[in-house]
Amino acid sequence: MPRPAKNPRLYLVPARRDATGRVTRAARWVIRDGAKMYPTGCGEGDVAGAHQALADDLRAAHRPARSQRGLDEISLADVISIDATDHVARHPDKKRVAKRLERVPAWWGSKTLAQVTGATCRA
């Protein structure tokens, strides 16, 4: 029975050395997802940058389900993500719209569609 796949994770690729022992390629962090490796652009000492690259990669990989569900099952964070994917890509001023959308999850992100009422909108 095959092992279950691990989640994407950080992996430190060791430095490469030639026959004389001289470093030909410095150690670097990559995101390992199964047998595939994706570069983070971070060297061995940039652990915080590597963690940020992994977080960005995981955030980009999250694709909310677009199926019929109850209002209390649909998070507004998913709705905002879908709108950003669909709307911002077509908008002529992408940077301005993306900047505005960054502020929305602070209030709405943890709520569901069932919690959207006149009172919450006014708040």
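**Fold and residue environments**

Apart from neighbours within four places in sequence, Ala50 is in contact with Leu10, Trp29 and Cys42, where contact means heavy atoms within 4.5 Å. The model is predicted, so that local features need pLDDT of at least 70 and side-chain atom pairs count only at pLDDT 80 or more, whereas totals for chains, interfaces and linings use all residues. Residues are numbered from 1 along each chain as its sequence is written, and side-chain values use heavy atoms, with hydrogens and water left out.

The protein contains 4 helices and 5 strands. Helices (H or I, at least four residues) and strands (E, at least two) are DSSP runs, numbered from the N terminus. In order from the N terminus, the elements run β-β-β-β-β-α-α-α-α. The radius of gyration is 21 Å, well over the 14 Å that the globule rule gives for 123 residues, so the protein is more spread out than a compact globule. This radius is taken over C-alpha atoms, and the globule rule is 2.2 Å times the number of residues to the power 0.38. Along the principal axes, the C-alpha trace spans about 70 × 45 × 25 Å.

Of the 123 residues, 20% are buried. A residue is called buried under 20% relative accessible area, exposed over 50%, and partly exposed in between (1.4 Å probe, protein chains only). The accessible surface of the protein amounts to about 9,400 Å², and carbon and sulfur atoms account for 55% of this surface. Accessible areas come from the Shrake-Rupley method with a 1.4 Å probe, and for residues only the protein chains shown count as cover. Among contacts between residues at least 6 apart in sequence, 31% join residues at least 24 apart. There are 23 positive and 13 negative side chains, and the centres of the two sets are 3 Å apart. Lys and Arg count as positive and Asp and Glu as negative, while His and the chain ends are not counted; the place of a charge is taken as NZ of Lys, CZ of Arg, CG of Asp or CD of Glu.

Two residues of helix H1 were examined. Ala50 is found in this helix, which covers residues 47-61. With a relative accessible area of 0%, Ala50 is buried. Ala50 and Leu10 are separated by 40 residues in sequence, and their C-alpha atoms lie 7.3 Å apart in space. Ala60 also lies in helix H1, but is partly exposed, at 42% relative accessible area. The C-alpha atoms of Ala60 and Ser81, which are 21 residues apart along the chain, are 9.9 Å from each other.

Thr40 belongs to strand S5 (residues 36-43) and counts as buried at 16% relative accessibility. A polar atom of the Thr40 side chain lies 2.7 Å from the backbone oxygen of Trp29. The side chain of Thr40 also reaches the backbone nitrogen of Cys42, at 3.2 Å. Such a polar contact is a pair of N or O atoms within 3.5 Å; within protein, one must be able to donate a hydrogen and the other to accept it, and residues adjacent in sequence count only if both atoms are side-chain atoms. Neighbours within four places in sequence aside, Thr40 is in contact with Leu10, Trp29, Val30, Ile31 and Ala53. Leu10 and Trp29 thus appear in the list for Thr40 and in the list for Ala50.

Further along the chain, His87 lies in helix H2 (residues 76-88) and is partly exposed, at 30% relative accessibility. His87 and Ala98 are 11 residues apart along the chain, with 9.7 Å between their C-alpha atoms. Val104 is placed in helix H3 and has a relative accessible area of 28%, which makes Val104 partly exposed. Residues up to four places away in sequence not being counted, Val104 touches Ile80 and Gly109. From Val104 to Ala77 the C-alpha separation is 8.8 Å, the two residues being 27 apart in sequence.

Thr112 is located in the loop between helix H3 (94-108) and helix H4 (118-122). This loop residue is buried, with a relative accessible area of 17%. Beyond its neighbours within four places in sequence, Thr112 is in contact with Leu71, Asp72, Ile74, Ser75 and Leu76.
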